[in-house]
Amino acid sequence: QVQFVESGGGTVQAGGSLSLSCAASGSTFSGNAMGWYRQAPGKQRELVARISNGGGNTNYADSVKGRFTISRDNAKNTAYLQMNSLKPEDTAVYYCNALLHYYTTAPRYAWGQGTQVTVSS
């Protein structure tokens with residue numbers, strides 16, 4: 001079983017930036033596509049960014065395209081989400097997880113605790 005520890009959240013003003021990190025345990029990190037998800041109060045969890053196992057392919061939800069950048073360092077078993085030009089609607093708890101495969105939104109493992117991102121107007 002793989003476990004994830006997300007960090008880097010906080011409170012920022014609209015237009016600001018945050019950088020999230022996701023540290024994964026286990027030896028299977030480099031074999032899996034990874035995704036960043038978020039869940040706002042009263043809403044379903046949604047996938048906002050994904051990256052292939054080697055890092056060569058990425059894909060973003062329309063709501064974050066051009067503002068968020070996903071990356072990974074397989075040597076460090078860590079995935080990242082750089083978030084720029086943040087908007088109040090980006091406020092949510094952010095989670096990472098491996099994907100069952102790159103072309104799905106389904107997570108492979110149990111969820112970590114997530115990291116709270118709050119954007120004030």
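In which sense do strands E1 and E3 pair, and over how many bridges? Strand E1, residues 4-7, pairs with E3 in the antiparallel sense, and four bridges join the two. The points below start from the chain as a whole and then return to these strands.

1. Status and make-up. The model is a predicted one. Its chain contains 10 strands and zero helices. Read along the sequence, the pattern is accordingly β-β-β-β-β-β-β-β-β-β.

2. Overall dimensions. The C-alpha trace spans about 40 × 25 × 25 Å along its principal axes. For 121 residues, a compact globule would have a radius of gyration near 14 Å, so the 13 Å of this chain agrees with that expectation.

3. Burial and surface. Of the 121 residues, 44% count as buried. The accessible surface of the chain comes to about 6000 Å², and carbon and sulfur atoms account for 46% of that surface.

4. Contacts and charges. Taking the contacts between residues at least 6 apart in sequence, 56% join residues at least 24 apart. The chain has 10 positive and 6 negative charges, and the mean positions of the two sets are 4 Å apart.

5. Strand E1. The side chains of E1 alternate between two faces. Phe4 and Glu6 point to one face and are buried, whereas Val5 and Ser7 point to the other and are not. Ser7 has Ser21 of E3 as its bridge partner.

6. Strand E3. E3 covers residues 18-24. Its covered face is made up of Leu18, Leu20, Cys22 and Ala24, while Ser19, Ser21 and Ala23 form the uncovered one. Besides its pairing with E1, E3 pairs with strand E8, residues 78-83, in the antiparallel sense over six bridges. Ser21 appears in both pairings: Ser21 is the bridge partner of Ser7, and Ser21 also stands opposite Tyr80 in E8.

7. Strand E10. Which side chains of E10 are buried, and which are not? In this strand, residues 115-120, the buried face consists of Thr115, Val117 and Val119. Gln116, Thr118 and Ser120 point to the other face and are not buried.

8. Partners of E10. Strand E2, residues 10-13, runs parallel to E10 and is joined to it by four bridges. Within that pairing, Gln13 has Ser120 as its bridge partner. Strand E9, residues 92-98, pairs with E10 in the antiparallel sense over three bridges. There, Tyr94 has Thr115 as its bridge partner, and Thr115 is one of the buried residues of E10.

9. The start of the chain. Gln1 lies in the segment before E1. Its relative accessible area is 72%, so Gln1 counts as exposed, the cut-off being over 50%. Gln1 still touches Ser25, Tyr109 and Ala110, not counting residues up to four places away in sequence. Gln1 and Gly26 are 25 residues apart in sequence, yet their C-alpha atoms are 7.4 Å apart in space.

10. Ala61. This residue lies in the loop between strand E6 (58-60) and strand E7 (68-73). Is Ala61 buried or exposed? Ala61 has 18% relative accessibility and therefore counts as buried, the cut-off being under 20%. Leaving aside neighbours within four places in sequence, Ala61 is in contact with Leu47 and Val48. Glu46 is 15 residues from Ala61 in sequence and 9.0 Å from it in space, C-alpha to C-alpha.

11. Backbone angles to note. Most residues other than glycine have a negative phi. Asn77 has a positive phi of about 50° although it is not a glycine. Asn77 is placed in the loop between E7 and E8. Ser85, likewise not a glycine, also has a positive phi of about 50°. The loop between E8 and E9 holds Ser85. At 42% relative accessibility, Ser85 counts as partly exposed.

Technical notes:
Residues are numbered from 1 along each chain as its sequence is written. This is a predicted model: local features need pLDDT of at least 70, side-chain atom pairs count only at pLDDT 80 or more; totals for chains, interfaces and linings use all residues. Side-chain values use heavy atoms; hydrogens and water are left out. The radius of gyration is taken over C-alpha atoms; the globule rule is 2.2 Å times the number of residues to the power 0.38. Buried means under 20% relative accessible area, exposed over 50%, partly exposed in between (1.4 Å probe, protein chains only). Contact means heavy atoms within 4.5 Å. Accessible areas come from the Shrake-Rupley method with a 1.4 Å probe; for residues, only the protein chains shown count as cover. Lys and Arg count as positive and Asp and Glu as negative; His and the chain ends are not counted. The place of a charge is taken as NZ of Lys, CZ of Arg, CG of Asp or CD of Glu. Two strands pair if DSSP finds at least two bridges between them.
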